[in-house]
Amino acid sequence: MLENGLAMIGTILLINVVYVSFFTIRMILTLKNQRYLAALISVFEVIIYVIGLGLVLDNLDKIQNLIAYALGYGLGVLAGMKIEEKLALGYITVNVITTETEAGLPNAIRSKGFGVTDWMASGREGQRLMMEILTSRKSESNLYEAVRSLDPKAFIISHEPKAFHGGFWVKSIRRH
(Lines give C-alpha, C1' and ligand atoms only; values in the text may rest on other atoms or scores of the structure.)
Protein backbone atom coordinates (compact mmCIF):
# COMPACT_ATOMS: atom_id res chain seq x y z
CA MET A 1 0.00 0.00 0.00
CA LEU A 2 2.78 2.41 0.97
CA GLU A 3 4.69 1.60 -2.24
CA ASN A 4 1.67 2.49 -4.39
CA GLY A 5 1.20 5.74 -2.45
CA LEU A 6 4.84 6.74 -2.89
CA ALA A 7 4.76 5.79 -6.56
CA MET A 8 1.66 7.95 -7.04
CA ILE A 9 3.28 10.90 -5.24
CA GLY A 10 6.47 10.53 -7.30
CA THR A 11 4.52 10.25 -10.55
CA ILE A 12 2.40 13.33 -9.81
CA LEU A 13 5.47 15.30 -8.76
CA LEU A 14 7.42 14.33 -11.90
CA ILE A 15 4.50 14.96 -14.24
CA ASN A 16 4.00 18.45 -12.85
CA VAL A 17 7.70 19.32 -13.02
CA VAL A 18 7.68 18.34 -16.71
CA TYR A 19 4.36 20.08 -17.39
CA VAL A 20 5.35 23.40 -15.82
CA SER A 21 8.79 23.28 -17.45
CA PHE A 22 7.05 22.93 -20.83
CA PHE A 23 4.66 25.72 -19.86
CA THR A 24 7.55 28.05 -19.00
CA ILE A 25 9.43 27.27 -22.20
CA ARG A 26 6.26 27.72 -24.28
CA MET A 27 5.60 31.13 -22.72
CA ILE A 28 9.16 32.25 -23.42
CA LEU A 29 8.98 31.02 -27.01
CA THR A 30 5.67 32.85 -27.43
CA LEU A 31 7.21 36.07 -26.13
CA LYS A 32 10.13 35.61 -28.53
CA ASN A 33 7.73 35.18 -31.46
CA GLN A 34 8.62 31.49 -32.01
CA ARG A 35 4.94 30.67 -32.59
CA TYR A 36 5.22 27.30 -34.34
CA LEU A 37 7.62 25.80 -31.84
CA ALA A 38 5.49 27.21 -29.00
CA ALA A 39 2.40 25.61 -30.53
CA LEU A 40 4.16 22.25 -30.86
CA ILE A 41 5.31 22.33 -27.25
CA SER A 42 1.79 23.26 -26.10
CA VAL A 43 0.46 19.99 -27.54
CA PHE A 44 2.73 17.96 -25.27
CA GLU A 45 2.17 20.37 -22.40
CA VAL A 46 -1.60 19.84 -22.45
CA ILE A 47 -1.30 16.04 -22.66
CA ILE A 48 1.00 15.99 -19.65
CA TYR A 49 -1.23 18.47 -17.78
CA VAL A 50 -4.40 16.40 -18.29
CA ILE A 51 -2.68 13.19 -17.17
CA GLY A 52 -1.28 14.82 -14.02
CA LEU A 53 -4.48 16.62 -13.11
CA GLY A 54 -6.47 13.44 -13.73
CA LEU A 55 -4.30 11.52 -11.27
CA VAL A 56 -4.88 14.16 -8.60
CA LEU A 57 -8.61 14.48 -9.23
CA ASP A 58 -9.07 10.70 -9.15
CA ASN A 59 -7.41 10.66 -5.71
CA LEU A 60 -8.64 13.86 -4.06
CA ASP A 61 -9.10 12.05 -0.78
CA LYS A 62 -5.29 11.81 -0.41
CA ILE A 63 -3.85 15.20 0.55
CA GLN A 64 -0.31 14.03 -0.22
CA ASN A 65 -1.21 13.88 -3.93
CA LEU A 66 -2.35 17.50 -3.88
CA ILE A 67 0.82 18.49 -2.03
CA ALA A 68 2.92 16.59 -4.60
CA TYR A 69 1.06 18.41 -7.39
CA ALA A 70 1.73 21.82 -5.82
CA LEU A 71 5.36 20.98 -5.03
CA GLY A 72 5.85 19.70 -8.59
CA TYR A 73 4.43 22.96 -9.90
CA GLY A 74 6.94 25.02 -7.91
CA LEU A 75 9.84 22.78 -8.90
CA GLY A 76 8.67 22.96 -12.52
CA VAL A 77 8.88 26.75 -12.46
CA LEU A 78 12.48 26.52 -11.25
CA ALA A 79 13.33 23.81 -13.78
CA GLY A 80 11.75 25.78 -16.64
CA MET A 81 13.71 28.89 -15.72
CA LYS A 82 16.94 26.89 -15.58
CA ILE A 83 16.24 25.32 -18.98
CA GLU A 84 15.52 28.73 -20.49
CA GLU A 85 18.71 30.10 -18.98
CA LYS A 86 20.68 27.29 -20.65
CA LEU A 87 18.91 27.78 -23.99
CA ALA A 88 19.60 31.56 -23.81
CA LEU A 89 17.29 32.37 -26.69
CA GLY A 90 17.37 35.74 -28.38
CA TYR A 91 19.54 38.82 -28.21
CA ILE A 92 20.30 41.60 -25.76
CA THR A 93 21.45 45.16 -26.14
CA VAL A 94 24.06 46.17 -23.61
CA ASN A 95 24.79 49.80 -22.86
CA VAL A 96 28.16 50.48 -21.28
CA ILE A 97 29.10 53.87 -19.83
CA THR A 98 32.68 54.48 -18.80
CA THR A 99 34.95 57.31 -17.77
CA GLU A 100 37.79 55.62 -19.70
CA THR A 101 37.38 57.87 -22.74
CA GLU A 102 40.94 57.40 -24.05
CA ALA A 103 41.41 53.71 -23.33
CA GLY A 104 40.41 52.28 -26.73
CA LEU A 105 37.66 50.20 -25.13
CA PRO A 106 35.42 49.96 -28.20
CA ASN A 107 38.20 48.43 -30.32
CA ALA A 108 39.23 46.10 -27.50
CA ILE A 109 35.64 44.84 -27.25
CA ARG A 110 35.39 44.56 -31.04
CA SER A 111 38.56 42.46 -31.05
CA LYS A 112 36.72 39.98 -28.82
CA GLY A 113 34.08 39.54 -31.54
CA PHE A 114 31.38 41.99 -30.45
CA GLY A 115 29.85 44.75 -32.56
CA VAL A 116 30.11 48.12 -30.82
CA THR A 117 28.61 51.51 -31.59
CA ASP A 118 30.23 54.21 -29.49
CA TRP A 119 29.95 57.94 -28.90
CA MET A 120 30.92 60.58 -26.38
CA ALA A 121 28.26 61.60 -23.86
CA SER A 122 28.00 64.07 -21.01
CA GLY A 123 27.42 62.82 -17.50
CA ARG A 124 26.94 64.64 -14.21
CA GLU A 125 30.68 64.53 -13.59
CA GLY A 126 31.96 65.15 -17.12
CA GLN A 127 32.63 63.33 -20.38
CA ARG A 128 31.75 59.65 -20.68
CA LEU A 129 32.22 57.08 -23.38
CA MET A 130 28.92 55.43 -24.25
CA MET A 131 28.88 52.08 -26.04
CA GLU A 132 25.93 50.10 -27.34
CA ILE A 133 26.55 46.43 -28.01
CA LEU A 134 24.12 43.93 -29.54
CA THR A 135 24.90 40.30 -28.78
CA SER A 136 23.25 36.92 -28.44
CA ARG A 137 22.15 35.94 -24.95
CA LYS A 138 24.51 32.96 -25.20
CA SER A 139 27.41 35.46 -25.34
CA GLU A 140 26.07 37.75 -22.60
CA SER A 141 28.32 36.57 -19.77
CA ASN A 142 31.40 36.66 -22.05
CA LEU A 143 30.59 40.27 -22.93
CA TYR A 144 30.19 41.28 -19.28
CA GLU A 145 33.47 39.57 -18.45
CA ALA A 146 35.24 41.38 -21.31
CA VAL A 147 33.90 44.79 -20.27
CA ARG A 148 34.74 44.27 -16.58
CA SER A 149 38.26 43.11 -17.45
CA LEU A 150 38.79 46.34 -19.42
CA ASP A 151 37.04 48.66 -16.95
CA PRO A 152 35.89 47.22 -13.62
CA LYS A 153 34.07 50.49 -12.83
CA ALA A 154 32.01 50.59 -16.04
CA PHE A 155 28.26 51.07 -15.67
CA ILE A 156 26.52 48.26 -17.55
CA ILE A 157 22.83 47.96 -18.29
CA SER A 158 21.09 45.57 -20.67
CA HIS A 159 17.69 45.15 -22.21
CA GLU A 160 16.07 42.84 -24.71
CA PRO A 161 15.32 44.40 -28.10
CA LYS A 162 11.97 43.47 -29.62
CA ALA A 163 12.64 44.24 -33.28
CA PHE A 164 15.57 44.67 -35.66
CA HIS A 165 15.80 46.67 -38.86
CA GLY A 166 18.92 47.56 -40.81
CA GLY A 167 22.55 47.21 -39.78
CA PHE A 168 24.96 44.34 -40.26
CA TRP A 169 23.31 42.18 -37.57
CA VAL A 170 19.98 41.82 -39.36
CA LYS A 171 21.27 39.30 -41.94
CA SER A 172 22.77 36.98 -39.32
CA ILE A 173 19.74 37.27 -37.04
CA ARG A 174 17.32 36.25 -39.81
CA ARG A 175 19.41 33.13 -40.51
CA HIS A 176 18.81 31.87 -36.97
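Start by selecting Ser122 and Gln127: in this predicted model, Gln127 of strand β3 is the bridge partner of Ser122. Now widen the selection to residues 115-123, which make up strand β2. Nine bridges tie β2 to β3, and the two strands run antiparallel. Look at the turn linking them: β2 and β3 form a hairpin, with two residues between them.

Next, select residues 126-136 to light up the whole of β3. How many of its 11 residues are buried? Eight are, so the strand is mostly covered, taking buried to mean under 20% relative accessible area. While you have a strand on screen, turn the view and follow the side chains: in a regular strand they alternate between the two faces of the sheet.

Strand β3 has another partner to visit. Add residues 91-98, which form strand β1. Eight bridges join β1 to β3, again in an antiparallel arrangement. For a landmark along this pairing, pick Ile92 and look across to β3, where Thr135 stands opposite.

Stay with β3 a little longer and click on Arg128. Which residue does Arg128 form a salt bridge with? Its partner is Glu125, and the closest N and O atoms are 3.9 Å apart. The two ends of this bridge sit in contrasting settings: Arg128 counts as buried because its relative accessibility is 17%, while Glu125 counts as exposed because its value is 61%. Now add Arg124 to the selection, and you'll have a network of salt bridges that links Arg124, Glu125 and Arg128.

Another stop takes you back to β2. Show the side chains of Arg110 and Asp118, which meet in a salt bridge at 2.8 Å, N to O. Arg110 is partly exposed, with a relative accessible area of 32%, and Asp118 is partly exposed too, at 33%. The structure holds eight salt bridges, and one of them joins Asp61 and Lys62, at 3.6 Å from N to O. Is Asp61 buried or exposed? At 64% relative accessibility, Asp61 counts as exposed, whereas Lys62 is partly exposed at 34%.

Time for some helices. Select residues 24-81, the stretch that an unreviewed UniProt entry annotates as "domain: DUF5698". This span is 88% helix and 0% strand. Check its two ends as well: their C-alpha atoms lie 7 Å apart.

Within that span, go to residues 35-58, helix α2, and find Phe44 there. Phe44 is partly exposed, with 45% relative accessible area. Then show Leu37, Leu40, Val43, Phe44, Ile47 and Ile51 as a surface: together they make a nonpolar patch of about 550 Å².

For the last stop, move to helix α3, residues 63-87, and pick Asn65. Is this residue buried or exposed? Asn65 is buried, with a relative accessible area of 2%. What does Asn65 touch, leaving out residues up to four places away in sequence? Show Met8, Ile9, Ile12, Val56 and Asn59, and you have its contacts on screen.

Methods:
Residues numbered from 1 in each chain as written. Predicted model: local features only at pLDDT ≥ 70, side-chain atom pairs only at ≥ 80, totals over all residues. Heavy atoms only, no water. Buried < 20%, exposed > 50% of the residue type's maximum accessible area, 1.4 Å probe, protein only. Helix = DSSP H or I, 4+ residues; strand = E, 2+ residues; numbered from the N terminus. Pairing = 2+ DSSP bridges. UniProt positions renumbered as here; feature names shortened; annotations may be inferred. Patch = residues over 30% accessible without salt bridge, like charges linked within 9 Å, V, L, I, M, F, W, Y side chains within 5 Å. Areas by Shrake-Rupley, 256 points an atom, 1.4 Å probe, with all protein chains shown as cover. Salt bridge = Lys/Arg side-chain N within 4 Å of Asp/Glu carboxyl O. Contact = heavy atoms within 4.5 Å.
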